[in-house]
Amino acid sequence: MNAKLEHVTALLGDRVADVEGQFGVAAWPVGKPDEAIGINMDESFPTASTFKVPLLYALYQMHDRGEVDLAQRIRVEKEHLVPGSGVLQDLDIGIEPTIRDIAVLMIVLSDNQATDMLYAIVGADRIHAAMDALELNRTRVPMSTKALLYDYVGMDPDNPEHTYEMSIERMRKEEYNYDGAPWSDVDGSGNDLTTPREMARLCEAIEQGVGLSAGARVSMLDIMKRQKFNDRIPAGVPENTDIAHKTGSLKGVRNDAGIVYAPAGPYTIALFSKRLGSEKAGIQALGDLSKIVWEAIG
């Protein structure tokens, strides 16, 4: 490791040394992975909603192959209800957004119901095959959002007595199932997991159009640039900087991953955390980590 990389690595580690929790960072100029800077780049972290990026990638590959029409409309039914972030759960049953509309909601508002509607179309096997083709073998998303959030509060999505309303109430009361898969960061545990390096590599692949048509690449990046949650990567870069990214949040987890379009050229970045004592402190730390990376690369 050269002197510059050693210095930046030290800055990243120093910033989070006194923050309760564990952090992972991976970043490098697009096309130059040998210049990667970061900490805990190959450690396993819960994806939280950053798993929606692999899902989006696999969806667009299906579109490229003619297996999915993004203009097709899907009727929203009561059975689609999923708790947590998003707006579809608050709209009238029976509306018919297009698949692209649903994909936009999944990314820009992290809509969980939209996510699971797409997850049902794509499936874990296709997502994993897409990740394997990129040699991202530790990025695994076996759990839909509903499965993850139900397990989160000790519920079974396949049990008809475990209802959407029950999940909302348990989350409100913070009746968490600390033995559930969503709390695990062990590979093969059944949780949705990745590493900072792998998520940064996926974002780089999207920017480079690897495995995507030119149109799919442009459309995916356009959606990711519309992200509405901007308190992590964007907090560390100058205002009005273009960023295509996706956040993720669960109790004790705050993440963000994407592409920053800096004057010196785009760079890929993944910021991950787990076991946070304070989510607020975690978010502030991620913003500062983003700034360190910007000053080193941007």
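**Entry 1: helix H2 against helix H4**

Before reading any angle, I reminded myself that axes are lines fitted to C-alpha atoms, for helices over the stretch in contact, with angles running from 0 to 180 degrees between N-to-C directions. I also kept in mind that this is a predicted model.

I began with H2, residues 52–64, and H4, residues 112–122. Their axes lie 10 Å apart, and the packing angle is about 45°. That angle makes H2 oblique to H4. I then looked up the hand of the crossing, and H2 passes H4 in a left-handed one.

Which residues meet here? On the H2 side I noted Lys 52, Leu 55, Ala 58, Leu 59 and Met 62. Facing them from H4 are Asn 112, Thr 115, Leu 118, Tyr 119, Ile 121 and Val 122. Sorted by character, the residues of this contact come to eight nonpolar, two polar and one charged.

**Entry 2: helix H4 against helix H6**

Next I followed H4 to its contact with H6. The two axes come within 8 Å and cross at roughly 125°. H4 is oblique to H6 because angles of 65 to 115 degrees count as roughly perpendicular and those over 145 as roughly antiparallel.

From H4, I listed Asn 112, Thr 115 and Asp 116 in this contact; from H6, Thr 145, Lys 146 and Leu 149. I sorted these residues too, and got one nonpolar, three polar and two charged.

I was pleased to meet Asn 112 and Thr 115 again, since I had already written both down on the H4 side facing H2.

**Entry 3: the largest pocket**

I turned to the open space. The largest pocket has a volume of about 440 Å³. I found 22 residues in its lining, and those nearest the centre are Ser 85, Asn 112, Leu 149, Ser 249 and Leu 250.

Which elements give two or more residues to this lining? They are helix H6, residues 145–152, and strand S5, residues 243–250. The lining splits into nine nonpolar, nine polar and four charged residues.

Two names tied this entry to the last one for me: Asn 112 and Leu 149 line the pocket, and both take part in the contact of H4 with H6.

**Entry 4: the second largest pocket**

My last stop was the second largest pocket, with a volume of about 230 Å³. It is lined by 15 residues, and I noted Trp 183, Lys 251, Gly 252, Arg 275 and Leu 276 as the closest to its centre. How does this lining divide by character? I got eight nonpolar, two polar and five charged residues.

Note on methods:
Residues are numbered from 1 along each chain as its sequence is written. This is a predicted model: local features need pLDDT of at least 70, side-chain atom pairs count only at pLDDT 80 or more; totals for chains, interfaces and linings use all residues. Side-chain values use heavy atoms; hydrogens and water are left out. Helices (H or I, at least four residues) and strands (E, at least two) are DSSP runs, numbered from the N terminus. Angles under 35 degrees count as roughly parallel, over 145 as roughly antiparallel, 65 to 115 as roughly perpendicular and the rest as oblique. A crossing is left-handed if the near helix is turned anticlockwise from the far one by less than a right angle, and right-handed if clockwise. Contact means heavy atoms within 4.5 Å. Ala, Val, Leu, Ile, Met, Phe, Trp, Tyr, Cys and Pro count as nonpolar, Asp, Glu, Lys and Arg as charged, and the others, Gly among them, as polar. On a 1 Å grid over the protein atoms alone, a cavity is a set of points where a 1.4 Å probe fits but cannot get out, and a pocket is an open set with protein on both sides within 12 Å along at least five of seven lines; lining residues have an atom within 4 Å of a point. Grid points are joined across faces, edges and corners, and a volume is the space filled by probe spheres set on the points.
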